[in-house]
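Colleague: I would like a close look at one part of this protein, the sheet. Please walk me through how it is put together and what surrounds it.

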Amino acid sequence: MHRIQDAKKRWEFMCGEDSSLLIAMNKAGAKYIPVGCRAGGCGVCKVKILSGECHTKTMSRAKVTELDEARGVVLACRAYPRSDMVIDVAVKNEIKQ
Ligand code: FES
């Protein structure tokens, strides 16, 4: 299990490597990250990784561009942690090409 924390340490939850960040957050009964389609298409669960590593499954390029991804932006419903992580949820409209 890995510890997933907000950048400002306002919250945290635990997430196994076989669970997406969004599913683990839901299982913890929390609503820190907005939830939409849960399938990598709508983009509402976009977060920026500030530290830590994750594996990502297919994400909509319309929602996460290659440049976004290079800057650490992922969709929480498609991100599976490989270490403890610190993430920023307030990323929605900050990242432009
Ligand atoms: S909930 Fe829709 S992309 Fe993650």
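Modeller: Here is the sheet, strand by strand, followed by the core and a few loop residues.

This is a predicted model, in which local features need pLDDT of at least 70 and side-chain atom pairs count only at pLDDT 80 or more, while totals for chains, interfaces and linings use all residues. Residues are numbered from 1 along each chain as its sequence is written. The pLDDT is the predictor's confidence in each residue, from 0 to 100. Its mean over the protein is 91, and 94% of the residues reach 70 or more.

First, the inventory. The protein has 2 helices and 7 strands. Along the sequence they follow the pattern β-β-α-β-β-α-β-β-β. These elements are DSSP runs, numbered from the N terminus: helices are H or I with at least four residues, strands are E with at least two. Confidence is lowest in helix H2 (residues 66-70), at a mean of 93, and highest in strand E6 (residues 79-81), at 98.

Now the sheet. It is open and has 5 strands, in the order E2-E1-E7-E3-E5, with mixed pairing. Two strands count as paired if DSSP finds at least two bridges between them. The edges are strand E2 (12-15) and strand E5 (73-75), each of which pairs on one side only. From one strand to the next the twist averages 40 degrees. That angle is taken between lines fitted to C-alpha atoms (for helices, over the stretch in contact), on a scale from 0 to 180 degrees between N-to-C directions.

Start at the E2 edge. Strand E1 (residues 2-6) pairs with E2 in the antiparallel sense, over 4 bridges. Here Gln5 has Glu12 in E2 as its bridge partner. The hairpin of E1 and E2 has 5 residues between the strands. Lys9 sits in that loop. Its phi is near 55 degrees, a positive value in a residue other than glycine. Most residues other than glycine have a negative phi. Lys9 counts as exposed because it has 8 C-beta neighbours inside 10 Å. The scale runs as follows: a residue is buried if 20 or more other C-beta atoms lie within 10 Å of its own, exposed if 12 or fewer, and partly exposed in between, with C-beta atoms placed from the backbone.

Next comes E7. E1 and E7 run parallel and are joined by 3 bridges. Gln5 stands opposite Val86 in E7. On its other side, E7 (residues 85-88) pairs with strand E3 (residues 46-51) in the antiparallel sense, over 3 bridges. Val86 also stands opposite Ser51, and Asp88 stands opposite Lys48.

The faces of two strands can be told apart. E2 has Phe13 and Cys15 on a covered face, and Glu12 and Met14 on an uncovered one. E7 covers Met85 and Ile87, while Val86 and Asp88 are on its uncovered face. In a regular strand the side chains alternate between the two faces of the sheet.

What about the core? The largest nonpolar core has 22 residues, and those with the most contacts inside it are Leu21, Leu22, Ile33, Cys45, Val74, Leu75 and Ala76. Such a core is a set of buried Ala, Val, Leu, Ile, Met, Phe, Trp, Tyr and Cys residues joined through C-beta atoms within 7 Å. At least two residues each come from E2, helix H1 (21-27), E3, E5 and E7. H1 supplies the largest share, 4 residues. Val74 touches Val47, Ile49, Cys54, Thr56, Met59, Val64 and Ala79, leaving aside residues up to four places away in sequence. A contact means that the C-beta atoms, placed from the backbone, lie within 7 Å.

One more loop residue shares a feature with Lys9. Arg38 lies in the loop between H1 and E3. Its phi is positive, about 65 degrees, although Arg38 is not a glycine. Arg38 is partly exposed, with 17 other C-beta atoms within 10 Å.

Finally, the whole. The C-alpha trace spans about 30 × 25 × 20 Å along its principal axes. Buried residues make up 30% of the 97 residues. Among contacts between residues at least 6 apart in sequence, 57% join residues at least 24 apart.

Definitions and conventions
Two residues are in contact if their C-beta atoms, placed from the backbone, lie within 7 Å.
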